[in-house]
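Reader: I'm new to reading structures and I'd love a close look at one part of this one. Could you walk me through how the inside is packed, starting from a single residue?

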Amino acid sequence: GFCFVVLSVTAAKLILYISLMAYTAVPVLFFFIGLSFIPRDFLFRPSRTEQKVALHEIFHFTKWIFLSFVANSISGRLDVFMLSHFKGSEAVGYYSAAQQLVTILPMIIGAVSTVLLPQVSRLQTKDEFKGFIKKVAFGASILAFCLLPMVIFGEQIIHLIFGSRYAGSFGAFRILFFGYLIALFTNPMSLVVYALNKPKIFTIINYFQLAITITLDYILVQKF
């Protein structure tokens, strides 16, 4: 029995050591692999005129990205703030449990958008954009179909993870789930706006959404 315990502890330490080594080594490995894809003229110093043009474009593009980030950051935290203010900690607990269950969806949406952005930036013609939108709609449909069991068995998942006390979270979970499914279609398609170098449009939409979110949260949280 003592030998078994010693072997188990040794194996656990060895597995942990290997995991840490892999976690550290993989980013370094892919860094050097990525270097092989960098153009050879990357390290050549551009002219002052080219630098000014690049900085001007970067500034005017990123200022809209920053403003969008501010709007999304505010709207993303209003729900819990409103619930806490109007309904108390119990409602916040139910809602937070539902949010934790759907966390995988924004992660998937962010990953998909990150992968697609370089491809969208290379599109130029109207037909290419139409083809991209069709492919995104098809891919999102398949992904949404694969994720549907989450809402079908949502109540069982909540009972399994959080216990019967959080049964009231299912209503919020279902609404959040279908909201993120819609975002699964719309977010990748919105990359077209960035590809067209018109981030201002997206920023205006974000602040319009923020205004709607503030208004509806204030009205509906108190009512329901």
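Author: Sure! One term to start with: two residues are in contact when heavy atoms of theirs lie within 4.5 Å. Keep in mind, too, that what you're looking at is a predicted model.

With that in hand, go to Leucine 184. Which residues does Leucine 184 touch, if you skip those up to four places away in sequence? They are Ile108, Ile109, Ala140, Leu143 and Ala144. Now place them on the helices: α4 covers residues 104-121 and α5 covers residues 126-152, while Leucine 184 itself belongs to α7, which runs over 169-195.

Leu184 is also part of something bigger. The largest nonpolar core has 26 residues, and Leu184 is listed with Val102, Leu147, Ile158, Phe173, Phe177 and Leu181 as having the most contacts inside it. Who supplies this core? At least two residues each come from α2 (48-86), α3 (89-101), α4, α5, α6 (154-162) and α7. The top giver is α7, with 7 residues. There's a second, separate core as well, made of 11 residues, and Leu116, Val120, Val136 and Tyr194 are among them.

Next, see how α7 lies against α5. Their axes come within 10 Å and cross at roughly 165 degrees. Because an angle over 145 counts as roughly antiparallel, α5 is roughly antiparallel to α7. The crossing is right-handed. As for the residues in this contact, 23 are nonpolar, 1 is polar and 1 is charged.

What about the other neighbour of α5 in our story, α4? Here the axes come within 13 Å, with a crossing angle of roughly 160 degrees. That makes α4 roughly antiparallel to α5, and α4 passes α5 in a right-handed crossing. On the α4 side you'll find Ile104, Leu105, Ile108, Leu116 and Val120, and they meet Phe132, Val136, Leu143, Leu147 and Met150 in α5. This contact has 10 nonpolar residues, no polar ones and no charged ones. You've met some of these names already: Ile108 and Leu143 both touch Leucine 184, and Leu116, Val120 and Val136 turned up in the second core.

Finally, zoom out. The protein has 8 helices and 0 strands, and 23% of its 224 residues count as buried. Among contacts with a separation of 6 or more, 76% join residues 24 or more positions apart. Leucine 184 touching Ile108 fits that picture nicely.

Note on methods:
Residues are numbered from 1 along each chain as its sequence is written. This is a predicted model: local features need pLDDT of at least 70, side-chain atom pairs count only at pLDDT 80 or more; totals for chains, interfaces and linings use all residues. Side-chain values use heavy atoms; hydrogens and water are left out. Axes are lines fitted to C-alpha atoms, for helices over the stretch in contact, and angles run from 0 to 180 degrees between N-to-C directions. Helices (H or I, at least four residues) and strands (E, at least two) are DSSP runs, numbered from the N terminus. Angles under 35 degrees count as roughly parallel, over 145 as roughly antiparallel, 65 to 115 as roughly perpendicular and the rest as oblique. A crossing is left-handed if the near helix is turned anticlockwise from the far one by less than a right angle, and right-handed if clockwise. Ala, Val, Leu, Ile, Met, Phe, Trp, Tyr, Cys and Pro count as nonpolar, Asp, Glu, Lys and Arg as charged, and the others, Gly among them, as polar. A nonpolar core is a set of buried Ala, Val, Leu, Ile, Met, Phe, Trp, Tyr and Cys residues joined through side-chain atoms within 4.5 Å. Buried means under 20% relative accessible area, exposed over 50%, partly exposed in between (1.4 Å probe, protein chains only).
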